[in-house]
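Hi,

Here is the structure I promised to pass along. Have a look at it first, and my notes follow underneath.

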Amino acid sequence: MTDLPDDTDAARIARLEEHVAHQAHTIEELSDQLAEQWRVVEQVRTKLDRLTERFLMLEEGSREAPAITRPPHY
């Protein structure tokens with residue numbers, strides 16, 4: 001290492017510690033956001049599954065063709 005005064009090294013270490021603390025805080029915030037987004041994705045997936053099931057039931061019901069009858073005015 002070069003011949004730098006101790007106070008310069010201490011200031012550099014302090015800046016690095018601040019940087020690490022800021023990064024740790026940012027990582028914690030991102031982790032919380034990711035967990036929240038995962039909960040939302042799971043909710044959307046559940047709704048999609050229910051809607052898909054409902055759609056398939058409706059589609060099956062629509063396949064049954066109504067009986068061909070004469071209109072009532074004949």
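How many helices and strands does the secondary structure of the chain come to? The count is 1 helix and 0 strands. Keep in mind as you read on that this is a predicted model. The helix, α1, takes in residues 6-63.

On to burial and surface. Of the 74 residues in the chain, 0% are buried, a label that needs a relative accessible area under 20%. The exposed surface of the chain comes to about 7600 Å², and 59% of that is supplied by carbon and sulfur atoms.

Then the charged pairs. As a general point, side chains of opposite charge can pair when their charged atoms come close. Searching the whole structure turned up 2 salt bridges.

One of them joins the side chains of E36 and R39, at 2.9 Å from N to O. Why might these two be placed to meet? They sit 3 residues apart in helix α1, so about one helical turn separates them. As for their surroundings, R39 is partly exposed at 46% relative accessibility, and E36 is partly exposed too, with a relative accessible area of 40%.

The other salt bridge links the side chains of E42 and R45, with 3.2 Å from N to O. Here again the partners are in helix α1, 3 residues apart, which is about one turn of the helix. E42 has 30% relative accessibility and counts as partly exposed, while R45 comes out as partly exposed with a relative accessible area of 42%.

That's what I have for now. Shout if you'd like to talk it through.

Cheers

Key: Residues are numbered from 1 along each chain as its sequence is written. This is a predicted model: local features need pLDDT of at least 70, side-chain atom pairs count only at pLDDT 80 or more; totals for chains, interfaces and linings use all residues. Side-chain values use heavy atoms; hydrogens and water are left out. Helices (H or I, at least four residues) and strands (E, at least two) are DSSP runs, numbered from the N terminus. Buried means under 20% relative accessible area, exposed over 50%, partly exposed in between (1.4 Å probe, protein chains only). Accessible areas come from the Shrake-Rupley method with a 1.4 Å probe; for residues, only the protein chains shown count as cover. A salt bridge is a side-chain nitrogen of Lys or Arg within 4 Å of a carboxyl oxygen of Asp or Glu.
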